[in-house]
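Colleague: Could you take me closely through one part of this model, the surroundings of the first ligand, and then follow the residues there outward into the rest of the fold?

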Amino acid sequence: MRIFIETMGCQMNKLDSELAAGALRAAGHEIVEDRRQADAVVYNTCSVRQHAEQKVLSRIGADAQRKESGKRLLVAVIGCMAQRMGESLRRKYPAVDVVCSPGRLFDLPELLARAAAGAGGVSLDPARPAGPGEDDIARMDDLDLARDVSAAAGQSQAFVRVMRGCDFFCSYCIVPFVRGPEHSRDPSHVVQEVGRLVQAGRSEITLLGQTVNSYHWAGSGRAVRFSDLLAAVSAVPGLRRLRFVTSHPTDFGDDILQAMRDLPNVCPYIHCPAQSGSDAVLTRMNRGYTRRQYDEFVDRARTIVPGVVLAGDFIVGFPGETQEDHQASADLIRRSGYKNSFIFKYSARPGTPAAKKYADDIPQAVKARRNNELLAVQEEAGLAHHRQYVGKTVDVLVEGPSASAKKTARRKHESSSSPNPPIHASATGVSAAAPAAVQLMGRTTGDHIVVFDGLATLSGRYVNVQITDATSLTLLGCL
Ligand code: SAH
Ligand code: SF4
Ligand code: F3S
């Protein structure tokens, strides 16, 4: 079959899509980039906000119409929404043939094969508190370990899972329910996977976990903390950059900060969401720390890791959030000096403690206004943060042409492939000209976006860029 995969949600889902694609290829299918050519579409879904779920449902609606008008098409829903809605997805939306939870991706090829033979199916994780059994966890681990490291040849970056699930139960969050209980992977498996990826040419690895710094593993008579894992992975020969996301403020011990300071390839970047700057809201969110503890974490990080770059997440309009609570979040953004923050409007998720306990009482208009206000405060903080780099030289991993360079290239391609090219087009001698510089985009060790001019052939290489200017989200410079 020709299969099109569309991925929503977080990095965990991106990694799962890569693993699902590998498993489907191994089963003899072809992964296609154009949904119109596909015999089957796979939606890897996110349930974190209602908006993310609506997007998938509208895709399924369009697929249902195509099926009704006679198109043979299989529709599979995987990811967090598959686990959240389960069987009911197929009942409510008959166009859906397959539902497969993120913890049972190993079942996906078989489910699709059965659907092609006329019998769709559902494979779900056992609900909490049980969660997946040892055998299923081992099968999922095998899927990670068996990943096809050569699939994305030329790619410099890769994600590697170190944990599954989450046990924090922040009151607003669906993740613990759809991703199941927290489970840390065997460190030797992580190191082995990173080793294979680096050998295949990936030089920047990002370790993934919902609360990655809570990683802890015990076995063969030893205990491995996240700082120990960082040390083990950073020693993989040829690994140039080691990153990790997402961190939780409560488990950020000095040992991790010292590892970041002392291990040369660990990037000085911490994405550590605060969610709110107000103690009253943090308590109702069940975040497990106070505003003062978060401030102390920021100060400790800045003291121990010189030049550390911080990024945050905030939720506006959590039930009962007062104007004062909101101001406390704005104040926290100013104080923390984040490079960037992701700011979300509270979305009540069915089944979460907050949805059960608290009325979603902040009007949409107020959520929208608070969202814009925090964005404006972050824009100011981001500009001040980025300006510190003007005049400095930074190490950049080149990702490729910038978004605007890609747009220009597309426009050129479209006009040159138009049926009536302008007469002079054949006389410009484009093929003989020296390759021209384009606008390139890359990232620093601190995860700053850097835009500069250079040859497209630099993609995947590390270069030094001198920073000449800055915006609230970008550094601008020259090679
Ligand atoms: N595990 C990560 C991220 C989880 S989801 C962590 O703990 O930081 C990513 C972000 O989505 C969260 O940081 C939070 O800011 C936001 N989010 C989660 N649930 C939400 C909800 N119900 N409404 C709005 N934003 C939400
Ligand atoms: Fe959700 Fe909280 Fe777990 Fe993050 S730590 S995934 S916000 S429950
Ligand atoms: Fe969304 Fe699931 Fe990630 S709910 S944010 S895709 S873990």
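Modeller: What follows begins at the ligand and moves outward from there. Please keep in mind throughout that this is a predicted model.

Around ligand 1 there are 14 residues, of which Tyr172, Gln210, Gln275, Asp313 and Ser347 come nearest. By class, the shell divides into 6 nonpolar, 4 polar and 4 charged residues. Strand E15 (309-316) and strand E16 (340-345) each supply at least two residues of this shell. Polar atoms of the protein approach the ligand at several places: a polar backbone atom of Tyr172 is 3.1 Å from a nitrogen atom of ligand 1, a backbone N or O atom of Gln210 is 2.7 Å from a nitrogen atom of the ligand, and a polar side-chain atom of Gln275 lies 2.7 Å from an oxygen atom of ligand 1. Taken alone, ligand 1 exposes 540 Å², and the protein buries 90% of that.

Gln275 deserves a second look, since its backbone has a positive phi of about 75° although the residue is not a glycine. As background, most residues other than glycine have a negative phi. Gln275 sits in the loop between strand E14 (269-271) and helix H11 (279-285), and it counts as buried because its relative accessible area is 8%, where the cut-off is under 20%. Ser220 offers a counterpart: Ser220 too is not a glycine and has a positive phi, of about 45°, and its place is the loop between strand E11 (216-219) and strand E12 (222-225). Ser220, however, counts as exposed, because its relative accessibility is 73% and the cut-off is over 50%.

Gln210 leads on to ligand 3, for Gln210 is also listed among the residues around that ligand, together with Gly9, Cys10, Asn13, Thr45, Cys46, Ser47, Val48, Cys80 and Arg179. The shell around ligand 3 divides into 4 nonpolar, 5 polar and 1 charged residues.

Moving on to the nonpolar interior, the largest nonpolar core has 53 residues, and those with the most contacts inside it are Ile205, Leu207 and Ile270. Helix H12 (residues 291-304) gives the most to this core, with 5 residues. Once neighbours within four places in sequence are left aside, the contacts of Leu207 include Val160, Val162, Val190, Phe226, Leu242, Phe244 and Val245. Apart from this core lies another, of 43 residues, among them Ala20, Ala311, Val394 and Val465.

Val245, one of the contacts of Leu207, is joined to Thr246 by a cis peptide bond with omega of about -10°. Thr246 belongs to the loop between strand E13 (241-245) and helix H10 (254-262). A cis peptide bond also joins Arg128 and Pro129, with omega of about 0°, and Pro129 lies in the loop between strand E6 (121-123) and helix H6 (134-145).

Val394, named above in the core of 43 residues, is in contact with Thr444, whose other contacts, leaving aside neighbours within four places in sequence, include Arg241, Arg243, Asp395 and Leu475. Thr444 lies in the loop between strand E18 (438-443) and strand E19 (449-454), and it counts as buried because its relative accessibility is 4%. The side chains of Thr444 and His448 are joined by a polar contact of 2.8 Å.

How values were computed
Residues are numbered from 1 along each chain as its sequence is written. Chains are lettered from A and ligands numbered from 1 in the order in which they are written. This is a predicted model: local features need pLDDT of at least 70, side-chain atom pairs count only at pLDDT 80 or more; totals for chains, interfaces and linings use all residues. Side-chain values use heavy atoms; hydrogens and water are left out. A residue is near a molecule or strand if one of its heavy atoms lies within 4 Å of it. A polar contact is a pair of N or O atoms within 3.5 Å; within protein, one must be able to donate a hydrogen and the other to accept it, and residues adjacent in sequence count only if both atoms are side-chain atoms. Accessible areas come from the Shrake-Rupley method with a 1.4 Å probe; for residues, only the protein chains shown count as cover. Helices (H or I, at least four residues) and strands (E, at least two) are DSSP runs, numbered from the N terminus. Ala, Val, Leu, Ile, Met, Phe, Trp, Tyr, Cys and Pro count as nonpolar, Asp, Glu, Lys and Arg as charged, and the others, Gly among them, as polar. A nonpolar core is a set of buried Ala, Val, Leu, Ile, Met, Phe, Trp, Tyr and Cys residues joined through side-chain atoms within 4.5 Å. Buried means under 20% relative accessible area, exposed over 50%, partly exposed in between (1.4 Å probe, protein chains only). Contact means heavy atoms within 4.5 Å.
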